[in-house]
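Got the viewer open? Keep the selection box handy, and we'll walk through this one stop at a time.

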Amino acid sequence: MDQPTVGILHPGSMGAAVAACAAPNAAKVLWCETGRSTASVERAAKFGLTPMATLAALLDRSDIVISLCPPAAAEDLARDVAEHRFAGVYVEANAINPERVQRIAGLLEPDATVVDGGVVGSPPVRGKTPTLYLAGPTAATERIEALFPGTAVQTAVLGTEIGKASALKLAYTSFQKTSRVLVALAIGMAREHGVDQELIEVASKRTDSYLSEPQYVAKTAARAWRWGPELEEAADALAAAGLPPEMLRAAASTLARWHEVQDDSELTLTDALDRLAHP
């Protein structure tokens with residue numbers, strides 16, 4: 001089979017790195033530069049992605065489109081793609097709940113073939129090896145898997161039912177991200193009473209405790225603008241399953257206090273905790 005042309009919507013830290021992994025097994029990897037930030041332009045250039053002036057041009061040339069964007073934008077982006085009658089494989093790889101994936105599939109089908117995707121792990125750079133979970137028609141998932149052999153992106157197919165990959169992603173998100181929010185609250189409380197180092201010492205005696213690694217608080221704060229919406233999606237998924245969503249909604253509300261420090265790699269633990277206590 002000829003190598004496909006792949007379009008990435010949009011090249012954020014995860015999307016650009018995933019697209020770069022697909023590049024050796026694709027004819028080209030395209031992205032749309034209209035309306036994107038300077039950081040996106042620099043990131044796309046760094047990973048060797050080919051710019052297209054418009055979404056229409058990207059869709060006309062792409063056999064496979066991978067959507068990796070902030071959760072809130074997923075359906076609007078899918079509508080834009082649907083308006084252009086895209087007829088290839090559309091990988092809905094955003095951190096959104098299964099019901100929203102089903103709605104997006106309804107928007108794009110029958111013109112496009114929709115594959116449900118979920119990336120678990122960090123962007124595939126500096127030795128990181130995330131897994132792209134897939135669910136959808138067999139022929140389409142096989143085409144996606146063929147983009148990543150021998151790369152830092154692992155793939156795993158969960159079957160043909162749309163929604164399974166997103167459910168797995170959000171189930172993992174529910175624990176992984178909320179647990180880090182709880183770390184920030186616990187350390188913030190302990191610091192207020194001058195026992196934060198003692199708390200970390202207690203936690204360090206246990207294995208695999210985020211509480212013993214307070215450096216993650218600043219990293220959590222810098223990612224809050226992305227993680228908060230993911231937890232809202234996970235809360236919706238819990239509610240749809242008849243499970244209580246309140247804890248995840250509270251974690252998302254806590255993350256909102258850090259919205260202004262988006263991707264700030266210089267943020268310190270003290271700065272993060274101060275912003276948490278005094279937004």
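Start by selecting strand β5 (residues 89-92), helix α5 (residues 98-108) and strand β6. Together, β5, α5 and β6 form a right-handed β-α-β unit. Bear in mind as you look around that this is a predicted model.

Now hide the helix and keep the two strands. β5 and β6 run parallel, and four bridges join them. To see where they line up, click on Val 89: standing opposite, in β6, is Thr 113.

Stay with β6, residues 113-120. How much of this strand is buried? Seven of its eight residues are, so β6 is largely enclosed by the rest of the structure.

Next, add strand β7, residues 131-135. β7 pairs with β6 in the antiparallel sense, over five bridges. Two facing pairs are good to pick out here. Gly 117 of β6 stands opposite Leu 134 of β7, and Gly 118 stands opposite Tyr 133.

Time to zoom out and show every strand. In what order do the strands of the open sheet come? There are eight, and they read β3-β2-β1-β4-β5-β6-β7-β8, with mixed pairing. At the edges you'll find β3 (50-52) and β8 (154-157), each of which pairs on one side only. Turn the sheet to look along it: the twist averages 30 degrees from one strand to the next.

With the sheet still on screen, bring in helix α4, residues 74-83. Helix α4 lies across β1 (5-9), β4 (64-67) and β5. Compare its direction with that of β5, and you get an angle of about 175 degrees.

Last stop: the cysteines. Select Cys 21, Cys 32 and Cys 69, and show their sulfur atoms. How many disulfides are there? The count comes to zero. A disulfide is a covalent bond between the sulfur atoms of two cysteines, and the cut-off used here is 2.5 Å between those atoms. Why does Cys 21 have no bond? Its closest cysteine sulfur, in Cys 69, is 19 Å away, which is too far. Cys 32 is in no disulfide either, since the nearest cysteine sulfur, again that of Cys 69, is 13 Å away.

Before you leave, switch on the surface. Are Cys 21 and Cys 32 buried or exposed? Cys 21 has 12% relative accessibility, so it counts as buried. Cys 32 has 5%, so this residue counts as buried too.

Definitions and conventions
Residues are numbered from 1 along each chain as its sequence is written. This is a predicted model: local features need pLDDT of at least 70, side-chain atom pairs count only at pLDDT 80 or more; totals for chains, interfaces and linings use all residues. Side-chain values use heavy atoms; hydrogens and water are left out. Buried means under 20% relative accessible area, exposed over 50%, partly exposed in between (1.4 Å probe, protein chains only). Two strands pair if DSSP finds at least two bridges between them. A crossover is right-handed if, with the strands pointing away from the viewer, the path from the first strand over the helix to the second runs clockwise. Axes are lines fitted to C-alpha atoms, for helices over the stretch in contact, and angles run from 0 to 180 degrees between N-to-C directions. Contact means heavy atoms within 4.5 Å.
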